[in-house]
Protein chains: 2
Amino acid sequence: MMNKSFRDYLRSKGLKSTHQREVVVDLFLRLDTHCSVEDLYHAAQRKDKRIGYSTVYRTLKLLVEAGLAEERRFSGEVTRFELVHRGKHHDHLICIKCGRIIEFTNDRIEKLQEKVAKKHNFKISDHKYEIYGYCSRCKK
Amino acid sequence: MMNKSFRDYLRSKGLKSTHQREVVVDLFLRLDTHCSVEDLYHAAQRKDKRIGYSTVYRTLKLLVEAGLAEERRFSGEVTRFELVHRGKHHDHLICIKCGRIIEFTNDRIEKLQEKVAKKHNFKISDHKYEIYGYCSRCKK
DNA sequence: TTGAAAATGAAATTCAGTTTCAATTAGTTT
DNA sequence: AAACTAATTGAAACTGAATTTCATTTTCAA
Ligand SMILES: [Mn+2]
Ligand SMILES: [Mn+2]
Ligand SMILES: [Zn+2]
Ligand SMILES: [Zn+2]
């Protein structure tokens with residue numbers, strides 16, 4: 001099972017491995033998209049009627065704390081969460097018509113960003129590059 | 001007075017030029033920072049006790065519609081608004097300690113962004129580049 | 001001056017997200 | 001295996017920013 005590192009995180013913090021957490025984390029790993037709490041909640045409900053909304057929220061927060069998930073708040077959208085893929089940073093193109101999310105990385109941009117920071121004597125700890133527009137399908 | 005274009009916008013839409021709108025727009029132009037609705041509301045209150053919260057909200061929305069202001073939602077912060085300076089786009093460095101906001105532009109990044117979009121067959125309509133970290137004063 | 005349409009402010013409402021709390025559960029200790 | 005204790009749970013209450021409602025007021029053109 002892939003969620004071993006989550007169990008490790010729980011142990012290290014003296015927290016408990018519960019049925020609900022197992023279900024939520026398992027689904028989160030399987031979905032593998034930018035999913036909202038509601039998405040996950042409904043998926044979890046299909047597995048087990050007794051899983052509550054707050055538990056889904058709390059579990060996602062734990063995943064973020066564990067460094068296994070990241071929170072994304074795109075313009076005008078509800079908060080979404082995504083799995084951290086082998087610790088690699090990436091940014092997003094977001095279609096304002098269909099909502100499609102395309103990921104990209106660009107080393108040259110990241111290099112230029114360093115320059116910008118240096119120029120302003122600024123120490124970067126994180127960044128967010130979101131490009132909004134129309135995806136290939138919605139262009140015309 | 002600089003808010004002539006706002007009055008023009010109102011006329012063109014069949015809307016009315018009111019005392020409240022004059023006060024709010026006037027203050028917004030003078031403040032010239034990334035100000036929250038609350039900032040503006042309090043400033044307006046000092047000028048005229050009868051100006052309400054909703055009117056400030058509504059006026060800022062109108063300014064955005066008129067293309068004279070832009071809405072900014074930095075991570076973990078309340079919504080802020082800023083004056084559009086001669087139609088020029090810019091991005092931001094945000095200090096996560098003191099909240100300072102530094103503006104930057106970088107043509108080379110914007111060019112590379114075009115390339116990224118082309119590669120994904122994506123038509124850009126807008127973008128948002130936010131760099132979080134520590135400003136020169138908060139670095140140590 | 002008048003009249004119709006727009007604007008106002010206070011209060012109510014919305015909505016995502018968080019907190020509360022009594023009851024339940026996990027995991028360790030006897 | 002039972003007892004113990006701290007963490008967890010779900011439902012409901014709450015929060016805070018933003019929006020809407022609506023009776024009253026204001027604008028502005030005729
Ligand atoms: Mn992503
Ligand atoms: Mn700015
Ligand atoms: Zn699309
Ligand atoms: Zn600072």
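Which backbone N or O atom lies 3.2 Å from a phosphate oxygen of DNA strand D? I found that it belongs to B:Ser17.

**Basis.** I am working on a predicted model, in which local features need pLDDT of at least 70, side-chain atom pairs count only at pLDDT 80 or more, and totals for chains, interfaces and linings use all residues. Residues are numbered from 1 along each chain as its sequence is written, chains are lettered from A and ligands numbered from 1 in the order in which they are written, and side-chain values use heavy atoms, with hydrogens and water left out.

**DNA strand D.** I took a polar contact as a pair of N or O atoms within 3.5 Å; within protein, one must be able to donate a hydrogen and the other to accept it, and residues adjacent in sequence count only if both atoms are side-chain atoms. The side chain of A:Lys16 has an N or O atom 2.9 Å from a base nitrogen of strand D. For B:Arg58, a side-chain N or O atom is 3.4 Å from a base oxygen of DNA strand D. I then listed the elements that give two or more residues to this surface: α2 (19-31) and α4 of chain A, and α4 of chain B. Helices (H or I, at least four residues) and strands (E, at least two) are DSSP runs, numbered from the N terminus. The largest share, four residues, comes from α4(B).

Around strand D I find 21 residues, of which A:Arg21, A:Arg50, A:Thr55, B:Tyr57 and B:Thr79 come nearest. Of the strand D atoms within 4 Å of the protein, 71% are sugar and phosphate. A residue is near a strand if one of its heavy atoms lies within 4 Å of it.

**DNA strand C.** I looked up A:Lys16 here too: a polar side-chain atom lies 3.2 Å from a base nitrogen of strand C. The phosphate oxygens of strand C have a polar side-chain atom of A:Tyr57 at 2.7 Å and a side-chain N or O atom of A:Thr79 at 2.4 Å. Sugar or phosphate makes up 73% of the strand C atoms within 4 Å of the protein, and bases the rest.

**Manganese ion (ligand 1).** I list its donors as A:His34 (NE2), A:Glu82 (OE), A:Glu82 (OE), A:His90 (NE2), A:His92 (NE2) and A:Glu103 (OE), at 2.1 to 2.4 Å. Donors are N, O and S atoms within 2.8 Å of the metal (3.2 Å for Na, K and Ca); water is not among the atoms, so sites may look incomplete. The six donor atoms subtend angles of 55 to 166°, so I record the arrangement as irregular. A:His90 is buried at 10% relative accessible area, while A:Glu103 is partly exposed at 34%. Buried means under 20%, exposed over 50%, partly exposed in between (1.4 Å probe, protein chains only).

**Zinc ion (ligand 4).** The protein donors are B:Cys95 (SG), B:Cys98 (SG), B:Cys135 (SG) and B:Cys138 (SG), 2.2 to 2.4 Å from the ion. Their sequence spacing is C-x2-C-x36-C-x2-C. I checked accessibility for two of these: B:Cys98 is partly exposed at 42%, and B:Cys135 is buried at 0%.

**Chain copies.** I superposed chain A on chain B by a rotation of 180° with 0.0 Å of shift along its axis (RMSD 0.1 Å). The two copies are thus related as by a two-fold rotation axis. In chain A, A:Tyr129 has the C-alpha nearest the axis, at 2.2 Å. The superposition is by least squares on the C-alpha atoms of residues with pLDDT of at least 70 in both copies.

How values were computed:
Four donors count as tetrahedral if all angles lie between 85 and 135 degrees; four count as square planar and six as octahedral if opposite donors are over 155 degrees apart and all others between 65 and 115; anything else is irregular.
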